[in-house]
Amino acid sequence: MKVDDCLHTALVCLGMLCCSFTMEIEKMNHLRSSLHGHHEKGKEGQVLHRSKRGWVWNQFFVIEEYTGPDPVLVGRLHSDIDSGDGNIKYILSGEGAGIIFVIDDKSGNIHATKTLDREERAQYTLTAQAVDRNTNRPLEPPSEFIVKVQDINDNPPEFLHENYHANVPERSNVGTSVIQVTASDADDPTYGNSAKLVYSILEGQPYFSVEAQTGIIRTALPNMDREAKEEYHVVIQAKDMGGHMGGLSGTTKVTITLTDVNDNPPKFPQSVYQMSISEASIPGEEAGRVKAKDPDIGENGLVTYNIIDGDGIEMFEITTDYETQEGVVKLKKHLDYETKRTYSLKVEAANIHIDPKFISNGPFKDTVTVKINVEDADEPPIFLAPFYILEVEENAGPGAPVGRVHAKDPDAKNSLISYLIDRHTDLDRYFSISPEDGSIMTTKNLDREEMAWHNISVFAYELHNRHQEAKVPVVIKVLDVNDNAPKFKEPYEAAVCEKPQTNELLITIKAEDKDAAANGPRFIFGLPPEMIQKPNFTLQDNKDNTASVYTKRTSFNRQTQDLYFLPIVISDGGSPPQSSTNMLTIRVCGCNGEGKVTSCNPEAYILNAGLSTGALIAILACIVILLVIVVLFVTLKRQKKEPLIVFEEEDVRENIITYDDEGGGEEDTEAFDIATLQNPDGINGFIPRKDIKPEYQYMPRPGLRPAPNSVDVDDFINTRIQEADNDPTAPPYDSIQIYGYEGRGSVAGSLSSLESATTDSDLDYDYLQNWGPRFKKLADLYGSKDTFEDDS
């Protein structure tokens, strides 16, 4: 620390000397400076020559980080017109003027009042000017100069990152590049060695080294093994001043991880593995696992397993579980404890990915012996055949033998076996089985034509352990017996003309038999003996399971007999043969000249004999008329009944008008338009009727109809009454109910105040006089009763 202080003081002094020396040189080089071409005119028209200036300066220097007690003298400004009498005033402006830099306005000395940092600002641009102290008139034009901050080594190197992480493969050669670290120095690289850095390693030797000039970290030892040590911590230092004494330094930490390479083969931890598996196991079931250890990681540690030898190579297989890196031994075929009880396998474990660089470390595989013991298990019975096909004749009757199934216990104890039919496969219970020996019998007659095959399942189970059972499918074929006679393949019907040709072909018939082919065709067709004696038709067997029917007669009369039934006997070729008699319907029809059938309906003759064509047309016409009448009647019924008197749908008299404001009495002629009570149809004429036609047109008297805007209710009502009474076209059921005075003749009397003034009432209405001007009219009408009586 003491050496650093001395060095700092020496540098400050050296900087001040340099500044003083520079200032003296500048004084010698710039004693006088001339500016030409500048002229000014005086007030009196004289041409004044601008005085020449002679500044003593160039650029000034000040050392950064100066911490002395007095302000640092930066330099001095002096004009050659300054005679030293104090009449010239020096003014300083620009960057930091008055704050960082101050000037003595008399002497021109510039001082730095604050500590400067070159890394914050390397230079300042200022402007100086000489003016008259009394008038502040500029004596010289302003000129700029620069103050540069002189650098010192006050910033240590700094790395870009505080911590670095890098990877390098294990067993890398010496000098393999790992990572490059970089530091920076904020000091001026153009001045001295303050920013010249040198790298060195503080921790991490002898495994790694660093290049002094570039900061590249390299491996320093060969064959570094990740399995021995995976991670290394290295400390790198960067020092300025070229690494010499007194320089500042900075450090960073580098974490270097060795990445894996496949340099280790897999190894089994033991030479023999023992496993066991039950003989009841099914193929695919696991017998056990083996695992070879490989210290490598990732794909370098992947191991695959194979069976390369052993007497169980046909019975077992091995697969690789890549999640656990284990070899899984699985059963490939069914085992039998009674046949073979032990198996031996030779299993090999090998790396999948092998690095050729380390092939000399091989071989990258290992082998192990696996011994597997088969355990005895209580096995279910085994049928001697995987399935059974049995036969039985149809109609054999209950108890007929069908066949036998046989199962045995594969275990050494050879337990007794019992048999049972799965009733889900024999819902109709056609068969039964002997529990002791497995003999199957029928329980009812079987019909091959109904079901030719029966598929059932038979269980075999141990008597002492019902859960040990086996099932076998049994297919029972029902053999055919000739128990069905042949018959027509479909219902046949033939047509014959009344005048057919001799031996004319009417129809060709086919037969069918539900029995099997051995008991069916070939079919033999024939006629009964009674039909042969008096034949109307003949039958010919075509020898191909078909027969043809021909006409024997040449004349038929459908009015006498329109239908003939021909019995045909059909026999099959079974043993014993079956036969049936089938009836062929032959209809006598009318034919045209070409022999084509036109009509086979015998009723046509009956209709022609009873009704003529005109009668049929009359009947149809009556039916049509009746239909028209019914349609018109329904249409009239559905029509909407219209009112007898034509009223507009929106008659103003049907409108209900509600007024919430109080009227002004009889003098209020605008509160309600009495014309709205008038029928607009009746203003200009009369109301016509729909049900009758009036004999003459009624013309209302013009003097009886009040004006539309009339407010005389009494006249309006009287007019309407006279119109109704004198109108001969008004219907007798007129619904207009208009009264001249409401309530007349009523026991309850009138509820209106229209005639209150003329009725004998004991009510006193004098209080209306006190209700104000709004009720003055009512008070005059009703409150003056006594006055009228006195006057009379």
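Here are a few worked exercises on the structure above.

The model is a predicted one: local features need pLDDT of at least 70, side-chain atom pairs count only at pLDDT 80 or more, and totals for chains, interfaces and linings use all residues. Residues are numbered from 1 along each chain as its sequence is written, and side-chain values use heavy atoms, with hydrogens and water left out.

**Exercise 1. The turn around Gln 325**

Work out where Gln 325 sits and what its side chain contacts.

Step 1: find the place. Gln 325 is in the loop between strand E22 (316-321) and strand E23 (326-331). Strands (E, at least two residues) are DSSP runs, numbered from the N terminus.

Step 2: look at the turn. E22 and E23 make a hairpin with 4 residues between them, and Gln 325 in that turn has a positive phi of about 60°. The two strands run antiparallel, joined by 6 bridges; two strands count as paired if DSSP finds at least two bridges between them. One of the bridges puts Glu 317 opposite Lys 330 in E23.

Step 3: check the burial. Gln 325 has a relative accessible area of 14%, so it's buried. The scale here is under 20% relative accessible area for buried, over 50% for exposed, and partly exposed in between (1.4 Å probe, protein chains only).

Step 4: list the surroundings. Not counting residues up to four places away in sequence, Gln 325 touches Lys 291, Gly 301, Leu 302, Val 303 and Tyr 305. Touching, or contact, means heavy atoms within 4.5 Å. With Val 303 there's also a 2.8 Å approach, from its backbone nitrogen to a polar atom of the Gln 325 side chain.

**Exercise 2. The largest nonpolar core**

Which residues of the largest nonpolar core touch the most other members, and which strands supply at least two residues each?

Step 1: set the rule. A nonpolar core is a set of buried Ala, Val, Leu, Ile, Met, Phe, Trp, Tyr and Cys residues joined through side-chain atoms within 4.5 Å. In soluble globular proteins, nonpolar side chains tend to be buried together.

Step 2: pick the hubs. The core has 25 residues, and Val 290, Tyr 305, Phe 316, Val 347, Val 370 and Ile 372 touch the most other members.

Step 3: map the strands. At least two residues each come from strand E19 (272-278), strand E20 (286-290), strand E21 (303-309), E22, E23, strand E24 (342-351) and strand E25 (365-375).

Step 4: zoom in on one hub. Leaving aside neighbours within four places in sequence, the contacts of Val 347 include Val 290, Tyr 305, Ile 318 and Val 370.

**Exercise 3. Salt bridges across the chain**

Take three salt bridges and say which parts of the chain each one connects.

Step 1: count. There are 21 salt bridges, each being a side-chain nitrogen of Lys or Arg within 4 Å of a carboxyl oxygen of Asp or Glu.

Step 2: start with Asp 260 and Arg 226, whose closest N and O atoms are 3.0 Å apart. Asp 260 is in the loop between strand E18 (249-259) and E19, and Arg 226 is in the loop between strand E16 (216-219) and strand E17 (231-239), so the pair ties together parts 34 residues apart in sequence. Asp 260 counts as buried at 14% relative accessibility, and Arg 226 counts as buried at 9%.

Step 3: move to Asp 321 and Arg 289, which meet at 3.1 Å, N to O. Asp 321 is in strand E22 and Arg 289 in strand E20, 32 residues apart. Arg 289 is partly exposed at 35% relative accessibility. Arg 289 also has a bridge partner in E23, Val 328.

Step 4: finish with Glu 493 and Arg 587, at 3.2 Å, N to O. Glu 493 lies in strand E36 (residues 493-497) and Arg 587 in strand E42 (residues 579-591), so this pair ties together parts 94 residues apart in sequence. Arg 587 is partly exposed, with a relative accessible area of 24%.

Step 5: look for shared partners. Glu 286, Arg 289, Asp 321 and Glu 326 are joined into one network by salt bridges that share partners.

**Exercise 4. A loop glycine**

Is Gly 593 buried or exposed, and where is it found?

Step 1: Gly 593 sits in the loop between E42 and strand E43 (597-599).

Step 2: at 88% relative accessibility, Gly 593 counts as exposed.

Conventions
A polar contact is a pair of N or O atoms within 3.5 Å; within protein, one must be able to donate a hydrogen and the other to accept it, and residues adjacent in sequence count only if both atoms are side-chain atoms.
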